[in-house]
Amino acid sequence: MESPLKIAVDFDGTIVEHRYPEIGKEVMFALQTLRKLQEQGHQLILWTYRSGKELDEAVEYCRRNGVEFYAVNSSYPEEEFDEDYDSRKIDADIFIDDRNIGGLPSWGEIYQMINPHEKPTLEEELKSLAQSKRSIFKKRSAR
Ligand SMILES: [Mg+2]
């Protein structure tokens, strides 16, 4: 496989729908995609505004769903943040966040951007087609 990446992932609005401080419903295929990226050897970092109890709940939610983060709100597990020496921005190769300019792509698209040489299976293509139709429908019905 290609070299593993450090992938920073936001929580609210990205892995789950935005219901902070509650935990919203899963954004479609988020956890399945993260599990797959994890299996491929990538290092997933949870990079969220959550802290304390709300942060613990997010970490636990992901763990229950088979996603174990390499680090949480830090560049590596043992990092002890010292603002005199360390930057708040973490060291990652890719950031997945619903506040990206242009918004959050579907998780199928995210998977493909990270694995550009993998051709989607027919099943995946159908799923992502169904997903994009559904989001068009949502936008229409929201008017
Ligand atoms: Mg967010």
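**Entry 1: Phe29**

I started at Phe29, which comes out partly exposed, with 19 other C-beta atoms within 10 Å. The buried label needs 20 or more, so Phe29 does not get it. This is a predicted model, so I keep that in mind for everything below. I then checked the backbone: Phe29 has a positive phi of about 70°, although it is not a glycine. I placed Phe29 in the loop between β1 and α1.

I stayed in that loop for one more item. Pro21 also sits between β1 and α1, and I looked at the bond leading into it. The peptide bond from Tyr20 to Pro21 is cis, with omega near 5°.

**Entry 2: helix α1**

Next I went to α1, residues 30-39. Which residues of α1 are buried? I get Ala30, Thr33, Leu34 and Leu37. Looking down the axis of α1, I see these buried residues fall within an arc of 100°, so they line one face of the helix. The spacing fits the textbook picture: an α-helix has 3.6 residues a turn, so residues three or four places apart point the same way.

What does that face pack against? I find β1 (6-9), β2 (43-46) and α3 (107-114) as the partners of the buried residues. I also looked at what follows the helix: just after α1, Gly41 takes a positive phi of about 95°.

**Entry 3: α1 against α3**

I followed up the helix partner. The axes of α1 and α3 are 9 Å apart, and the helices pack at an angle of about 20°. That angle is under 35 degrees, so α1 counts as roughly parallel to α3. The crossing of α1 past α3 is right-handed.

For the contacts, I list Ala30, Thr33, Lys36 and Leu37 on the α1 side. On the α3 side they meet Trp107, Ile110, Tyr111 and Ile114.

Then I checked burial in α3 and got Trp107, Gly108, Ile110 and Tyr111. They cover an arc of only 160° around the axis, which puts them on the same side of α3. Trp107, Ile110 and Tyr111 are buried, and they also turn up in the contacts with α1.

**Entry 4: the core**

I looked up the largest nonpolar core next and found 22 residues in it. Those with the most contacts inside the core are Ile7, Val9, Leu44, Ile45 and Leu46. Which elements give two or more residues to this core? My list is β1, α1, β2, α2 (52-64) and α3. As a general note, nonpolar side chains in soluble globular proteins tend to be buried together.

I picked Leu46 for a closer look. Leaving out residues up to four places away in sequence, Leu46 touches Val9, Phe11, Ala58, Val59, Phe69, Val72 and Asn73.

**Entry 5: two asparagines**

Asn73 was on the Leu46 contact list, so I checked its burial too: Asn73 is partly exposed, with 19 other C-beta atoms within 10 Å. Asn73 has a positive phi of about 50° although it is not a glycine. I found Asn73 in the loop between β3 (71-72) and β4 (94-96).

My last lookup was Asn65, in the loop between α2 and β3. Asn65 is partly exposed, with 14 other C-beta atoms within 10 Å. How far apart are the C-alpha atoms of Asn65 and Ser75? I get 23 Å, for two residues 10 apart along the chain.

Note on methods:
Residues numbered from 1 in each chain as written. Predicted model: local features only at pLDDT ≥ 70, side-chain atom pairs only at ≥ 80, totals over all residues. Buried ≥ 20, exposed ≤ 12 C-beta atoms within 10 Å, placed from the backbone. Helix = DSSP H or I, 4+ residues; strand = E, 2+ residues; numbered from the N terminus. Arc of directions from axis to C-beta. Contact = placed C-beta atoms within 7 Å. Core = buried A, V, L, I, M, F, W, Y, C linked by C-beta atoms within 7 Å. Axes fitted to C-alpha atoms, helices over the stretch in contact; angles between N-to-C directions. Parallel < 35°, antiparallel > 145°, perpendicular 65-115°, else oblique. Left-handed = near helix turned anticlockwise from the far one by under 90°.
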